Amino acid sequence: MTSPAEKTNLLGLPKAKLEAFFESLGEKKFRATQVLKWIHQQGVDDFDQMTNVSKALREKLKEVAEIRGPEVVYDETSKDGTRKWVMRMDSGNSVETVLIPDGERGTLCVSSQIGCSLDCTFCSTGKRGFNRNLSAAEVIGQVWVARRSFMPFESAADRPITNVVMMGMGEPLLNFDNVVDAMDLMMEDLAYGLSKRRVTLSTSGVVPALDRLGELTDVSLAISLHAPNDELRNQLVPLNRKYPIAELLAATRRYLSRLPDKRKVTIEYTVIEGVNDRLEHAHELARLLKGLPCKINLIPFNPFPESDFKRPKAMATRRFQGILNEAGYVTTVRTTRGDDIDAACGQLVGQFEDRTRRSQRYIPVHHVAP
């Protein structure tokens, strides 16, 4: 009999790979359709509950396969309705996943890595270092766990997760294959059935992987820009030294050109007091993005202990927004949600072993009143 450690976790297999799995067992491909529905639409993790699958096949599956999602070690809801899960993955490390409700819309922010290797200066996740990539089962498992927590649904309209954004811990394009498999499941009609406009990947700008992404999928795209020029972005997003802004925006245009519909990229810009919030930065950003089909999302910096950056004044952010609006850009200011449970943008950290030892370089900054 196959040992548990060798069993295939069916949770992370998109349709084509699940069909190949069943063919390897000498079964027909249609079994994949049945099992996909049981796992992702019904939230089943017990083969015995799959009543339209023969008993013989169910017994075979018990020997060679499993349906195993992450373990929930923390589940808390903010006073504003934001819900955060801390999920323990294989090897005991944990990641954080956040659901942001907004009227009939529910956006699930999903992590792709345990920690992050990029070390952006304004992000709490990066300051904690990096452990490893998540498997496809661990990425889609966050959606599976969140959705199961609300089941059963009386109708499709009752489903609380309408959108998924790959904006949690980690850089998705540095975990390319597993993230693509997970997003395929998000958009699979037999699984979660989300439209390509409701699944968004956010990247800091891994240009070769972004070009490859355009060859395989047509999910929506968000670019973590955060600065209007290379000199400043080099300081905030170290990856910019390898793939500067001109290369990143060129790759973004190539990605958009492949899409069959007229979609816009979301430009994410974390506004930090005294760093990138001046009016000249807004004018420079407007010039930089000229001709790019985009909308701009301004994100007021969310403080955390390892950083001495400050949240911008509300008036400064509004003036910044006004300049961009006057230049013709649809510009929104992201409302801070879930900060009372450390679930706001840039605050996700999880609990994990830092293999980079980066976390040892940072100590909490204590602000002393004069």
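**Cysteines and a helix pair**

Guide: Welcome! In this predicted model, Cys116 sits in the loop between strand 7 (113-115) and helix 4 (124-127).

Visitor: What makes Cys116 count as buried?

Guide: Its relative accessibility is 11%, and buried means under 20%, so Cys116 falls in that class.

Visitor: Where is Cys120, and why is Cys120 called buried?

Guide: Cys120 lies in the loop between strand 7 and helix 4. The relative accessibility of Cys120 is 11%; set against the cut-off of under 20%, that value makes Cys120 buried.

Visitor: Which residues does Cys120 touch, leaving aside those up to four places away in sequence?

Guide: Cys120 is in contact with Lys127, Ser204, Leu236, Val237 and Pro238.

Visitor: What does UniProt list for "binding site"?

Guide: The record, an unreviewed entry, lists Cys116, Cys120 and Cys123.

Visitor: Let's turn to the helices. Why is helix 10 called roughly parallel to helix 11?

Guide: The axes of helix 10 (residues 279-288) and helix 11 (residues 314-326) come within 9 Å and cross at roughly 30 degrees. Angles under 35 degrees count as roughly parallel, so helix 10 is roughly parallel to helix 11. Their crossing is right-handed.

Visitor: Which residues meet between helix 10 and helix 11?

Guide: From helix 10 come Leu279, His281, Ala282, His283, Leu285 and Ala286, and they meet Arg319, Phe320, Ile323 and Leu324 of helix 11. The residues of this contact divide into 7 nonpolar, 2 polar and 1 charged.

Notes. Residues are numbered from 1 along each chain as its sequence is written. This is a predicted model: local features need pLDDT of at least 70, side-chain atom pairs count only at pLDDT 80 or more; totals for chains, interfaces and linings use all residues. Side-chain values use heavy atoms; hydrogens and water are left out. UniProt positions are given in the numbering used here, feature names are shortened, and annotations may be inferred rather than shown by experiment. Helices (H or I, at least four residues) and strands (E, at least two) are DSSP runs, numbered from the N terminus. Buried means under 20% relative accessible area, exposed over 50%, partly exposed in between (1.4 Å probe, protein chains only). Contact means heavy atoms within 4.5 Å. Axes are lines fitted to C-alpha atoms, for helices over the stretch in contact, and angles run from 0 to 180 degrees between N-to-C directions. Angles under 35 degrees count as roughly parallel, over 145 as roughly antiparallel, 65 to 115 as roughly perpendicular and the rest as oblique. A crossing is left-handed if the near helix is turned anticlockwise from the far one by less than a right angle, and right-handed if clockwise. Ala, Val, Leu, Ile, Met, Phe, Trp, Tyr, Cys and Pro count as nonpolar, Asp, Glu, Lys and Arg as charged, and the others, Gly among them, as polar.
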